[in-house]
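Dear colleague,

I am handing over the structure that you will be working with, and below it I have set out what was found. Please keep it open beside this message while you read.

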Amino acid sequence: MKKYEERTEVLEKIANGITWWIGSIPSLIAHTLFFAISFLLPLLGLVEFDKMLLILTTVVSLEAIYLAIFIQMSVNKSHEKIEDIQEDIEDIQEDIEEISEDIEEISEDIEEINEDIEDIQEDIEEINEDEDDEDHSERAKNVMLKSNVSSNKNEIKALKDKIQELQDKIDELKNE
């Protein structure tokens with residue numbers, strides 16, 4: 001089986017080489033020279049014209065048959081490559097569709113994340129407002145407490161003064 005594949009590869013390489021050479025400028029020059037020489041041979045009297053035409057027609061016919069085979073081989077190979085490329089394109093299209101779906105999912109996730117961020121920012125603003133309110137409340141409580149303490153100090157001082165007065169009166173009454 002390997003030998004068959006190796007022989008096939010060798011024949012394909014030869015066929016590709018011939019096909020390439022046939023489509024080249026050196027081939028054009030060689031064919032032109034061959035035909036020119038073919039028609040010069042009868043003019044120089046080296047070969048009869050009918051014999052030259054018979055040989056030339058046979059050679060050209062055989063060449064055309066082989067060229068048709070080589071061309072068909074190239075077409076077949078090109079067709080196989082095109083099919084491979086089409087499969088690759090289909091795979092790529094599937095990959096692109098999957099990537100598009102992934103991008104859509106990521107976009108949705110990003111939108112959800114943005115919404116979550118907005119919610120968090122609103123919560124932070126509310127907390128800051130609450131803290132501000134709490135700070136104001138704390139400050140107000142502190143001010144009221146200080147005010148109450150100050151008021152209480154004044155009342156205590158007044159009571160102490162009253163107690164002192166009463167003490168003084170008690171002392172006076174005792175002394176009398």
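What follows goes through one helix and then a pair of aromatic rings.

Please bear in mind from the start that this is a predicted model.

I begin with helix α2, which runs over residues 25-43. At 1.5 Å a residue, its 19 residues should span 27 Å, and the end C-alpha atoms are indeed 27 Å apart, so the expected and the computed values agree. The buried residues of this helix are S27, S38 and P42, and because they cover an arc of only 35 degrees around the axis, they lie on the same side of α2. The face turned away from that buried side carries the exposed residues I25, L28 and L43. After the helix comes G45, whose phi is positive, near 80 degrees.

The second topic is the aromatic rings, of which a search of the whole structure finds 2 pairs. One of them is formed by Y66 and F70, whose ring centres are 6.4 Å apart and whose planes make an angle of 40 degrees, a geometry that counts as tilted. Both residues belong to helix α3 (residues 49-175), where they are 4 residues apart, or about one turn of the helix.

Are these two partners buried or exposed? Y66 has a relative accessibility of 48%, so it counts as partly exposed, whereas F70, with a relative accessible area of 14%, is buried because the cut-off for buried is under 20%.

With best wishes

Definitions and conventions. Residues are numbered from 1 along each chain as its sequence is written. This is a predicted model: local features need pLDDT of at least 70, side-chain atom pairs count only at pLDDT 80 or more; totals for chains, interfaces and linings use all residues. Side-chain values use heavy atoms; hydrogens and water are left out. Rings of Phe, Tyr and Trp (its six-membered ring) pair if their centres lie within 6.5 Å; planes under 30 degrees apart count as stacked, over 60 as edge-to-face and the rest as tilted. Helices (H or I, at least four residues) and strands (E, at least two) are DSSP runs, numbered from the N terminus. Buried means under 20% relative accessible area, exposed over 50%, partly exposed in between (1.4 Å probe, protein chains only). The expected span of a helix is 1.5 Å times one less than its number of residues. The arc is that of the directions from the helix axis to the C-beta atoms.
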